[in-house]
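Me: I'm new to this one, so please take me through it slowly. I'd like to know the reasons behind the words you use.

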Amino acid sequence: MARDPFYQAQLIERIDFTDDLALFRFRTDKPLSFSPGQYATLAVEDGDKLIQRPYSIVSSPFEAFLEFFIERVHEGELTPRLWELKPSEKVLVRNRTVGRFTLDTDSGLNRHLMLATVTGIAPYISMARTHRLNIERGETKPQHFAIIQGASHSRELGIYKDELTELARNDWLTYIPTISRPWTDPDWRGETGRVEDVIRKHADRLGFDSTRAMAYACGHPQMIENARSILARARFPKEHIKEENYFLV
Ligand SMILES: Cc1cc2nc3c(=O)[nH]c(=O)nc-3n(C[C@H](O)[C@H](O)[C@H](O)COP(=O)(O)OP(=O)(O)OC[C@H]3O[C@@H](n4cnc5c(N)ncnc54)[C@H](O)[C@@H]3O)c2cc1C
């Protein structure tokens, strides 16, 4: 039974990248309006109680479905239930989306240095899918995205690695996936280390410095804290750093 202010969201697709990381696509019974970078609140009923958690939206507002990239927290309340969902089963999604982790338009800067740990890539994919469509429709001036995504193993990047690698054929997007445990990933030929280890190397090389770029950090709180210090030392003003912290440690 759906209750106001929630819509029903039917699971239409799920792709597992690992045992604990999956893409979920839902169709909602009414269209949800949002800006790229914002999050939706997913919920399930548990007796009289509603278990609800925020999730950054991967899909673009132009798409006919809502997509999420979710990590299962085994001891958590909501994610184990999401893993039990079967195709066509429903959850609830709050009818209002919120969040300020959107592409900056205030600073006048058109370079965007985007840092993510694993699922923290979600808002940037929404922004990139939307930006590509806007360019195709001639509705925007190109912005420049440099996305650095960290994971332990390459399989955690899932099919988003392929999507972003393909998008990076456009000169407005650079995608740098980096793996912190390369010894367990013998075929990996890309960047190695944590996001924090490679920010300066790539930001400096690509010209995403404090005078030209906004910075964004999304996902694991420790990466965000470390990135904040690194960006501060690189003279990024506080108001040019946006953060989306997924949980408390
Ligand atoms: C704005 C926002 C956007 C978010 N977007 C996403 C997203 O796109 N994808 C996504 O997977 N999660 C996202 N999260 C985290 C999500 O809201 C939940 O916290 C997470 O899915 C765990 O929910 P749970 O009910 O299973 O666990 P809970 O019962 O909420 O948590 C149990 C414990 O696990 C800790 N915890 C929560 N998440 C993690 C984690 N990933 N790793 C380790 N410990 C954790 C909590 O701090 C808590 O101590 C987002 C959070 C915020 C605030």
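**Between two domains**

Reply: Let's start with the ligand: it lies between domain 1 (6-94) and domain 2 (111-245), because both of them give residues to the shell around it. Keep in mind that this is a predicted model.

Me: Which residues around the ligand come nearest?

Reply: The shell has 21 residues, and the nearest are R53, G76, L78, T79 and F247. Two strands, β4 (49-56) and β5, each supply at least two residues of that shell.

Me: How do the residues of the shell divide by class?

Reply: There are 12 nonpolar, 4 polar and 5 charged residues in the shell around the ligand.

Me: How do you know that domain 1 and domain 2 touch?

Reply: Residues count as in contact if their C-beta atoms lie within 7 Å. By that test, 18 residues of domain 1 are in contact with 17 residues of domain 2. The centres of the two domains, taken over C-alpha atoms, are 23 Å apart.

Me: Which elements make up the side of domain 1 that touches domain 2?

Reply: Those giving two or more residues are β1 (6-18), β2 (21-28) and β5 (66-71). The most come from β5, with 4 residues. By class, this side of domain 1 has 12 nonpolar, 5 polar and 1 charged residues.

Me: Now the helices. What makes α4 roughly parallel to α5?

Reply: The axes of α4 (residues 195-206) and α5 (residues 221-233) cross at roughly 30°. Angles under 35 degrees count as roughly parallel, so α4 is roughly parallel to α5. Their axes come within 9 Å, and the crossing is right-handed.

Me: And which residues meet where α4 and α5 come together?

Reply: On the α4 side they are V195, E196, I199 and R200, and these meet M223, N226, A227 and I230 in α5. By class, the contact of α4 with α5 has 5 nonpolar, 1 polar and 2 charged residues.

Technical notes. Residues numbered from 1 in each chain as written. Predicted model: local features only at pLDDT ≥ 70, side-chain atom pairs only at ≥ 80, totals over all residues. Domains from an automatic or database assignment. Contact = placed C-beta atoms within 7 Å. Nonpolar A, V, L, I, M, F, W, Y, C, P; charged D, E, K, R; others polar. Near = placed C-beta within 6 Å. Axes fitted to C-alpha atoms, helices over the stretch in contact; angles between N-to-C directions. Parallel < 35°, antiparallel > 145°, perpendicular 65-115°, else oblique. Left-handed = near helix turned anticlockwise from the far one by under 90°.
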